[in-house]
Amino acid sequence: MKKLFSILAITGLMMFGTVQAQDSTQTTEPAAVEAAAAPTAEATTEDVAAEATDETAERGFTQELKQRFIEGGPEYMGAVLLCLILGLAIAIERIIYLNLSTTNSKKLIKEVEEALQSGGVNAAKEVCRNTPGPVASIFYQGLDRSSHGIDSAEKSIVAYGGVQMGLLEKNVSWISLFIALAPMLGFLGTVIGMIIAFDKIEAAGNMDASLVAGGIKVALLTTVFGLIVAMILQVFYNYITAKIDSIVNDMEDASISLIDILSDYLKK
């Protein structure tokens with residue numbers, strides 16, 4: 001997991017650095033474009049609007065997203081980006097772990113039952129030892145305590161099931177934290193940007209739209225990106241919680257089946 005965090009963090013920093021480098025190399029281009037596209041006395045408002053629309057269409061979605069991200073400012077946009085990187089790192093790690101923890105419980109129950117009938121408890125434990133996943137681990141603990149009676153085996157299964165559930169839910173709360181934190185950081189940037197805009201109005205002594213338009217736009221961009229990050233992480237969070245619920249239900253059903261199998265075996 002630490003390696004995954006490091007890789008994603010380095011990737012995010014490289015992407016952020018690339019965006020800044022592209023912005024620095026293109027700072028002279030907008031000025032040249034504006035100078036060349038500045039309407040003359042004969043130019044109409046419709047011509048200027050058409051040129052702006054064509055320029056936005058040519059830039060494409062990726063370039064537009066990068067430009068908007070840079071316009072949002074490095075302080076709050078960097079914090080929002082960090083929430084996205086860390087949230088995705090945890091989400092990807094959990095998805096990989098949960099997929100590896102998924103077990104065909106019906107097949108495992110059949111193999112354990114056959115091993116019990118043919119080779120006893122030790123053979124069944126060997127089957128569980130060679131099978132990955134929390135269900136097999138719970139089966140192993142129950143079989144290991146079966147010599148002390150069915151009640152002891154059942155208590156061991158319940159106790160170790162709680163341990164496995166904790167492992168499945170590990171670090172998931174951090175994703176919910178980043179889901180809440182990203183829009184909060186965006187709102188904070190918006191509020192501070194609006195305060196700065198009103199300070200400019202107060203200093204100028206008049207309501208000039210061009211004086212505050214840039215500051216208000218930057219302030220709103222932080223909220224937009226914060227909400228986008230929250231929506232992306234929310235999708236991963238819902239998938240992870242649904243996957244955990246599915247595995248837990250499978251663990252409970254398989255544990256009941258194991259108790260029944262052990263009860264019949266110990267009565268012989």
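## A salt-bridge network

Lys125, Asp144 and Arg145 are joined in a network of salt bridges. The model shown here is predicted. In total, the structure holds four salt bridges.

One link of the network pairs the side chains of Asp144 and Lys125, at 3.0 Å from N to O. This pair connects distant parts of the chain. Asp144 sits in helix 6, Lys125 sits in helix 5, and 19 residues separate them. How do the two partners differ in exposure? Asp144 has a relative accessible area of 30%, so Asp144 is partly exposed. Lys125 has a relative accessibility of 12%, so Lys125 counts as buried. The cut-off behind that label is simple: buried means under 20% relative accessible area.

## Two more salt bridges

Glu126 and Arg129 also meet through their side chains, at 2.4 Å from N to O. Both residues lie in helix 5. They are three residues apart, which is about one turn of the helix. Glu126 has a relative accessible area of 36%, so Glu126 is partly exposed. Arg129 is partly exposed too, because its relative accessible area is 48%.

Arg94 and Glu93 form another salt bridge, at 2.9 Å from N to O. Are these two residues buried or exposed? Both Arg94 and Glu93 are buried.

## A negative patch on the surface

Which residues gather in a patch of negative charge on the surface? They are Glu111, Glu113, Glu114, Asp260 and Asp264. Two helices each supply at least two residues of the patch: helix 5, spanning 105-129, and helix 9, spanning 209-267. Helix 5 gives the largest share, with three residues.

Glu114 is a member of the patch and lies in helix 5. Its relative accessible area is 46%, so Glu114 is partly exposed. Residues of a patch need over 30% relative accessible area, and Glu114 at 46% meets that cut-off.

## The nonpolar core

Now look inside. The largest nonpolar core has 45 residues. Which of them touch the most other members? Val112, Phe139, Leu143 and Ile240 do.

Several helices give two or more residues to this core. They are helix 4 (74-101), helix 5, helix 6 (134-144), helix 7 (150-168), helix 8 (172-204) and helix 9. Helix 9 gives the most, with 15 residues.

## Helix 5 in several roles

Helix 5 turns up throughout this report. It holds Lys125 of the network pair. It carries both Glu126 and Arg129. It supplies three residues to the negative patch. It also gives two or more residues to the largest nonpolar core.

Notes
Residues numbered from 1 in each chain as written. Predicted model: local features only at pLDDT ≥ 70, side-chain atom pairs only at ≥ 80, totals over all residues. Heavy atoms only, no water. Patch = residues over 30% accessible without salt bridge, like charges linked within 9 Å, V, L, I, M, F, W, Y side chains within 5 Å. Areas by Shrake-Rupley, 256 points an atom, 1.4 Å probe, with all protein chains shown as cover. Lys, Arg positive; Asp, Glu negative; His and termini not counted. Charge placed at Lys NZ, Arg CZ, Asp CG, Glu CD. Helix = DSSP H or I, 4+ residues; strand = E, 2+ residues; numbered from the N terminus. Buried < 20%, exposed > 50% of the residue type's maximum accessible area, 1.4 Å probe, protein only. Core = buried A, V, L, I, M, F, W, Y, C linked by side-chain atoms within 4.5 Å.
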